[in-house]
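Let's take a walk through this one, starting with the ligand and working outwards to the empty space in the protein. Keep the 3D view open as you read.

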Amino acid sequence: MNDGVPERLARLRAEIGEAARAAGRSPQDIILVGVSKKQPLEPIRAAIEAGLGDIGESYVQEAALKFGSLPPVRKHYIGHIQTNKAKRIAELFDSVQSVDREDAARALARAASGLGKVLPVLIQLNISSADRFGVLPDAAERLAEAIRAEPSLRLDGVMAIGPDTPDRAEIARAFALAAKTLAHVGGSTLSIGMSGDWREAVRAGSTMLRIGTGLFGRRQEPR
Ligand SMILES: *Cc1c(COP(=O)(O)O)cnc(C)c1O
């Protein structure tokens, strides 16, 4: 069932554009990252061929298996960083959105340096009590300094996962905190908004939406 993906991509882009304009923003200022974890290859390929320029993956091994069969596309690592996987992550991905502690930053920096590349990264903020990962907003500035001290990393901004709640006001408050923290951290990328909360994210100033099920449909069961 992959023949619906180009249509779904077009519809999603139109809806994002509308929401952006309603918020007084330009649709071009919002990058759509298709989160392709636990999705089969065919729909991912179809989306890229239909113009999707960015994909996100959370599992290193799964990504390594899939990437060889995909057309050129920008690849974002959005999963938890295990330091012993830093080298693989730096090899496979064009950007890492989930830097949430200094030892992860150092491991990535070492790996990127060994590859002779400068890796764009985001600091993952914890803005929801249910999230197991991410640095608390109060500690983000210190982590930012540590990242800036690494010549092989380039700090572009912040990423966060919104709270898992039906309370739209609570989601908006959490996203506002992420936006405020970006101002302290520096950079211009605010990666907030997933399938269930991207409208609140657009209103809060998101420059990067990470959408999985809303584009590709339900994920495959864990193996
Ligand atoms: C899975 C995942 C997404 C996409 O979630 P959907 O609800 O499927 O849109 C976005 N960001 C991160 C960090 C994820 O792990």
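What follows looks at the ligand and its contacts, then at two pockets.

One thing to keep in mind: this is a predicted model. With that said, find the ligand and look at what's around it. The residues there are Val35, Lys37, Ser58, Ile78, Ile161, Met194, Ser195, Arg210, Ile211, Gly212, Thr213 and Arg219. Sort that shell by class and you get 5 nonpolar, 4 polar and 3 charged residues.

Now for the polar contacts. Arg210 puts a side-chain N or O atom 2.9 Å from a nitrogen atom of the ligand. Gly212 does its part through the backbone, with an N or O atom 2.8 Å from a ligand oxygen. Arg219 goes back to using a side chain: one of its polar atoms there lies 2.8 Å from an oxygen atom of the ligand. And how much of the ligand does the protein cover? On its own, the ligand has 390 Å² of accessible area, and the protein covers 88% of that.

Zoom out a little, and you'll see where the ligand is: it sits in the largest pocket. That pocket has a volume of about 1,000 Å³. It is lined by 40 residues, and the ones closest to its centre are Lys37, Ser58, Ile161, Met194 and Arg219. You've met these names already, as Lys37, Ser58, Ile161, Met194 and Arg219 are also among the residues around the ligand.

Which elements build the lining of the largest pocket, giving at least two residues each? They are helix 3 (60-67), helix 7 (168-185) and strand 8 (208-211). Helix 3 has the largest share, with 4 residues. By class, the lining comes out as 15 nonpolar, 13 polar and 12 charged residues.

There's another pocket to visit before we stop. The second largest pocket holds about 260 Å³ of space. Its lining has 18 residues, and Ile31, His76, Asp156, Thr189 and Met208 are the ones nearest its centre. Here the elements that supply two or more lining residues are strands: strand 3 (74-77), strand 4 (95-99), strand 5 (119-125) and strand 6 (153-160). The class split of this lining is 6 nonpolar, 6 polar and 6 charged.

Conventions:
Residues are numbered from 1 along each chain as its sequence is written. This is a predicted model: local features need pLDDT of at least 70, side-chain atom pairs count only at pLDDT 80 or more; totals for chains, interfaces and linings use all residues. Side-chain values use heavy atoms; hydrogens and water are left out. A residue is near a molecule or strand if one of its heavy atoms lies within 4 Å of it. A polar contact is a pair of N or O atoms within 3.5 Å; within protein, one must be able to donate a hydrogen and the other to accept it, and residues adjacent in sequence count only if both atoms are side-chain atoms. Accessible areas come from the Shrake-Rupley method with a 1.4 Å probe; for residues, only the protein chains shown count as cover. On a 1 Å grid over the protein atoms alone, a cavity is a set of points where a 1.4 Å probe fits but cannot get out, and a pocket is an open set with protein on both sides within 12 Å along at least five of seven lines; lining residues have an atom within 4 Å of a point. A molecule sits in a cavity or pocket if more than half of its atoms lie within 2 Å of its grid points. Ala, Val, Leu, Ile, Met, Phe, Trp, Tyr, Cys and Pro count as nonpolar, Asp, Glu, Lys and Arg as charged, and the others, Gly among them, as polar. Grid points are joined across faces, edges and corners, and a volume is the space filled by probe spheres set on the points.
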